[in-house]
Amino acid sequence: MDILISVIIPVYNRDYCLTRCLDSVWSQSFTDWECILVDDGSTDQTLSVCRRYAAADSRFRVYSQPNGGASVARNRGLELAQGGYIAFIDSDDWVEGDYLQLLYDSADENTMPFCGQEVKDSFGTFVREAPVKSDRSYRLDRSDHHLPGLLIEHLFGGVLTGPVCKLYNRNIIEKHQISFPPDIRWGEDLIFNCTYYLHISQLKGVPLSLYHVIKQKVSLTENSIYDFFLTDVNQRLCNCVFDFSKAKGLDNPAYKAHIVDYYVLLFFRTISGVLCVHEQVPWRKRYERMKWLVIRADRDKFKKSMFRPDILGYKSMAVYFRMPVLLFLFYEIKYLFLFLRNKTTY
């Protein structure tokens with residue numbers, strides 16, 4: 001019997017919660033699946049948990065590799081997948097029993113289905129929900145006037161950003177050689193998705209929160225903030241969103257304005273990384289990096305925000321008029337304030 005869906009789960013040191021995730025896969029009402037577990041060099045009992053499920057059900061397939069990060073593990077899963085469709089699940093999380101069935105029912109060769117998700121912390125306390133409000137289809141071109149609103153709601157930090165909550169067509173991934181960029185550890189999923197969206201014609205909503213995110217105290221995303229000031233990953237994220245928008249002819253004014261806001265957000269997230277490397281990088285190198293970022297910034301994108309009556313407005317003005325020394329002084333003072341506040345706390 002042909003495998004219809006390959007579920008790919010990268011795992012790393014999650015022996016304390018992996019059972020919940022794998023049980024939710026095991027209990028799916030849709031049965032024509034394989035589950036590829038890629039152990040990314042775990043040092044706890046994660047691999048043993050994976051092997052226990054593989055011994056109980058041959059649909060679980062276990063592979064182990066040296067630690068290389070989530071992108072490397074997911075790419076390895078893509079290489080091993082045999083199903084017509086691909087579903088990603090993170091090892092911290094779990095899915096409803098009809099997750100695969102409902103996504104599969106809405107999928108076809110050029111349509112990606114996506115569902116909503118609910119987020120809780122590691123103690124089970126509700127954090128937020130990212131619902132999908134309609135079961136309509138959205139054409140990925142300028143003819144669909146509802147598309148920009150969907151993208152504004154779900155592409156910039158919503159369910160269309162990450163690899164979960166959706167089904168990918170494996171033929172499209174292989175034909176266009178789409179993979180997760182292994183050299184970055186934050187935002188790689190948005191780059192993967194924007195590349196994939198270029199090669200499909202529409203999205204299809206499944207208006208149920210079938211995926212449950214469990215936020216851990218320590219996550220890859222949170223740790224990666226220490227890399228922001230030393231890499232240009234945020235510029236790559238902006239480029240991929242701009243390229244996708246241009247290719248699809250999305251010229252809706254509201255959507256274009258939101259892309260500009262996204263650029264400004266990512267730029268200052270990059271700049272604020274100076275706070276994280278303050279102890280490791282001498283002041284001259286910190287300033288030179290900030291100066292380099294300000295000079296190469298697209299200053300026209302800061303026109304609107306520099307008239308805001310808050311600190312973002314002043315920072316945007318410093319970028320627009322190419323005054324990196326003001327930004328540098330702002331963050332040096334902010335670091336001093338944070339340092340003194342933390343010192344008095346203890």
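Me: What makes strand 8 (residues 137-139) and strand 10 a pair?

Reply: Bridges. Two strands pair if DSSP finds at least two bridges between them. Here 3 bridges join strand 8 to strand 10, so the pair qualifies, and the two run antiparallel. Ser137 has Lys204 as its bridge partner in strand 10. This is a predicted model: local features need pLDDT of at least 70, side-chain atom pairs count only at pLDDT 80 or more, and totals for chains, interfaces and linings use all residues. Residues are numbered from 1 along each chain as its sequence is written, and side-chain values use heavy atoms, with hydrogens and water left out.

Me: Which other strands pair with strand 10, and in what sense?

Reply: Strand 5 (residues 94-95) does so over 2 bridges, in the antiparallel sense. Trp94 has His212 as its partner there. Strand 6 (residues 111-121) pairs with strand 10 (residues 202-215) in the parallel sense, over 11 bridges. In that pairing Phe114 stands opposite Gly205.

Me: How many helices and strands are there, and what makes a run count as one?

Reply: The protein chain has 13 helices and 10 strands. Both are DSSP runs: helices are H or I with at least four residues, strands are E with at least two, and numbering starts from the N terminus.

Me: Why is Ser316 called buried?

Reply: Buried means under 20% relative accessible area, exposed over 50%, and partly exposed in between (1.4 Å probe, protein chains only). Ser316 has 0% relative accessibility, so buried is the verdict. Ser316 sits in helix 12 (residues 311-320). Other buried residues of helix 12 include Gly313, Ala318 and Tyr320.

Me: Which residues away from its sequence neighbours does Ser316 contact?

Reply: Contact means heavy atoms within 4.5 Å. With neighbours within four places in sequence left aside, Ser316 contacts Val264, Phe268, Phe302, Ser305 and Met306.

Me: How do you know that Asp310 caps helix 12?

Reply: By distance. A side-chain oxygen of Asp310 lies 3.2 Å from the backbone nitrogen of Leu312, at the N-terminal end of the helix. A polar contact is a pair of N or O atoms within 3.5 Å; within protein, one must be able to donate a hydrogen and the other to accept it, and residues adjacent in sequence count only if both atoms are side-chain atoms. The Asp310 distance falls within that limit. After helix 12 comes Arg322, with a positive phi near 55°.

Me: Is Ser91 buried or exposed?

Reply: Buried. Its relative accessible area is 4%, under the cut-off. Ser91 lies in the loop between strand 4 (85-88) and strand 5. Beyond neighbours within four places in sequence, its contacts include Ile9, Pro10, Cys17 and Cys21.

Me: How many aromatic pairs does a search of the whole structure find, and what makes a pair?

Reply: The search finds 23. One is Trp26 with Phe60, at 6.0 Å centre to centre and 85° between the planes. Rings of Phe, Tyr and Trp (its six-membered ring) pair if their centres lie within 6.5 Å; planes under 30 degrees apart count as stacked, over 60 as edge-to-face and the rest as tilted. So Trp26 and Phe60 are an edge-to-face pair.

Me: Why does the Trp26 and Phe60 pair tie together separate parts of the sequence?

Reply: Trp26 lies in helix 1 (residues 18-26) and Phe60 in strand 3 (residues 60-65), so parts 34 residues apart in sequence are tied together. Trp26 is partly exposed at 34%. Phe60, at 3%, is buried.

Me: What makes Phe267 and Phe268 an edge-to-face pair?

Reply: Their centres are 5.4 Å apart and their planes 80° apart. Both values meet the criteria, so edge-to-face applies. Phe267 is buried at 9%, and Phe268 is buried at 6%.

Me: How do you know that Arg74 lies over the face of Phe180?

Reply: A charge sits over a ring if NZ of Lys or CZ of Arg is within 6 Å of the ring centre and within 35 degrees of the ring normal. Arg74 is at 5.5 Å from the ring centre of Phe180. Lys301 lies over the face of Tyr263, at 5.3 Å.

Me: What does the radius of gyration say about the protein chain?

Reply: The radius is taken over C-alpha atoms, and the globule rule is 2.2 Å times the number of residues to the power 0.38. For 346 residues, a compact globule would come near 20 Å; the chain has 22 Å, which agrees. Buried residues make up 51% of the chain.
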